[in-house]
Amino acid sequence: MTVPSLPKLGTPPAPPPLRKIALEEHFGHPSLFMRDRDGGFDTRREAIIGHLGPEYFQLVQHRLLDFDTARLEAMDEAGVEKVLLSLTTFGIQAIADRDRAQSTARTVNDYLAERVRAHPNRYVGMASLALHDADQAARELERCVTKLGFKGVMVNGYSQVDAPDNLLYLDDARMTPLWEALTELDVPLYIHPRPSHNAVQYDSHPELTGAAWGFAPETATHALRIVYSGFFDRFPTAKLVLGHLGEGLPFLAWRIQHGINFSPNGRSTKKRLSDYLADNIWVTTSGNFSTQALHCTMLTMGADRILFAADYPYEDYAEARDFIETVPISESDRRKIAYDNAKALYRL
Ligand code: MN
C-alpha cells in the first residue's frame, strides 16, 4: 500500500520561465578557417591543431557559421532571449600582419553587424579589434559602438603583433588610447582565452592546453597583469569581463594578494585584488556549470558581478539552462545572474 501524500491545496501556478541573456557566444567567419587544397574547410586538420575531438569540432564549426536556424532553435529551447555574439578564438589576435589584422577586424565587424540586423531582438554585437596600433583600435571600437550598435568588445587573449613571437598583452603602456576609448564609450572589455604561447609545460600533454586547463591560467594571468600594472587606478571606471567564472581568480584572490603583499617586486596598486574584483571586474558562467564554483564566486564577488553565459557552440544551451535554472541560489540572485546584470552592464 502506498502512503498518500498530504494534499497541497494552496500551491501557486508555476512561475514564468527564467529570462536569460547569454554573454560569451561565438560565431566564425569563413575567411578564418583552415582550407584544404580544394578550398573546402579543412575541419580535420583544424581539430587536430586545436586539440579538439574531430567529431566535436565538426559540429562546432557547423554551428559557428549558423545564424538563422540551429542557433536560434537552441536559444528558444533554453529560453535564451538574447545573446552577445563574438568572434571565436583566436580571431584577430593571431593575425600578426598589421594590415591584414586591421582589415580582417573591419570585415568581421561588418559581417557581424549584418547578421545582427537580421535578428535585432536576438543578437547583440561585440567588436573584434586588431591591437597593433591602439589609436587605430580605438577608432574601430568607436565605429563599432556608434555606427554598428555594438555593446562591447572581446579580445581573444594576447595579440601576436607584427611577428608570431611578439606578444602584446592589454597592460602594455601602448594600450592607453584603447583604455581611454573604452572608458569614454563606457563599454566592457571581455578577455577570452587562447592557449599559452610556446607552452613547454604542456609538452606531451595536449589535452591540458585548452579549455580543460591551460585557458584558465593564461587568461587569469592576463587579467592580473592589468590589475597590477595599475590600469584600474588610472581608469577607475574601466570594466573588464572574464569567462568561466573568473578563470580561477575568485578562488585564488586572497592568496594572490597575500603573496604580492610580501613580495611586490616594485608593483604598487591603490587597492587589493578583491577590491578590483568588486569595482572593475565581472565574470560569466560560460562553460563552468559547477555549483561549488558558482558559490565560491558569489562569496568572493557577489551575485551582482556574475552574468549568465553558455559558450555556445562549444557548449550546449540546454546544459547551461539546466544549471542556472536549478543551481541552489536565491531566486533574486538567479534572476540577476540570468538576465538583469547583463541588461545593466551592457545597457541592453
Ligand atoms: Mn568561449
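**Exercise 1. Determine in which sense β9 and strand β10 pair and over how many bridges, and then place strand β8 relative to β9.**

Strands β9 and β10 (residues 306–307) pair in the parallel sense over 2 bridges, where strands are DSSP runs of E with at least two residues, helices are runs of H or I with at least four residues, and both are numbered from the N terminus. Two strands pair if DSSP finds at least two bridges between them. The model is predicted, so that local features need pLDDT of at least 70 and side-chain atom pairs count only at pLDDT 80 or more, whereas totals for chains, interfaces and linings use all residues. Residues are numbered from 1 along each chain as its sequence is written, and side-chain values use heavy atoms, with hydrogens and water left out.

Within the β9–β10 pairing, the bridge partner of valine 283 in β10 is isoleucine 306. Between these strands the chain passes from β9 through helix α11 (residues 291–301) to β10 in a right-handed β-α-β crossover, meaning that, with the strands pointing away from the viewer, the path from the first strand over the helix to the second runs clockwise.

Strand β8 (residues 240–242) also runs parallel to β9, joined to it by 3 bridges, and leucine 242 stands opposite valine 283.

**Exercise 2. Work out which residues of strand β9 point which way, and whether they are buried or exposed.**

In a regular strand the side chains alternate between the two faces of the sheet. In β9 (residues 281–284), Ile281 and Val283 point one way, while Trp282 and Thr284 point the other way, and all are buried; buried means under 20% relative accessible area, exposed over 50%, and partly exposed in between, with a 1.4 Å probe and protein chains only.

**Exercise 3. Describe the aromatic pair of phenylalanine 27 and phenylalanine 67, and state which parts of the chain the pair ties together.**

The structure holds 12 aromatic pairs, counted for rings of Phe, Tyr and Trp (its six-membered ring) whose centres lie within 6.5 Å, with planes under 30 degrees apart taken as stacked, over 60 as edge-to-face and the rest as tilted. The pair of phenylalanine 27 and phenylalanine 67 is tilted, at 5.8 Å centre to centre and 50 degrees between the planes. Because phenylalanine 27 lies in strand β1 (residues 20–27) and phenylalanine 67 in the loop between α2 (54–64) and α3 (70–78), the pair ties together parts that are 40 residues apart in sequence. Phenylalanine 27 counts as buried at 0% relative accessibility, and phenylalanine 67 counts as buried at 3%.
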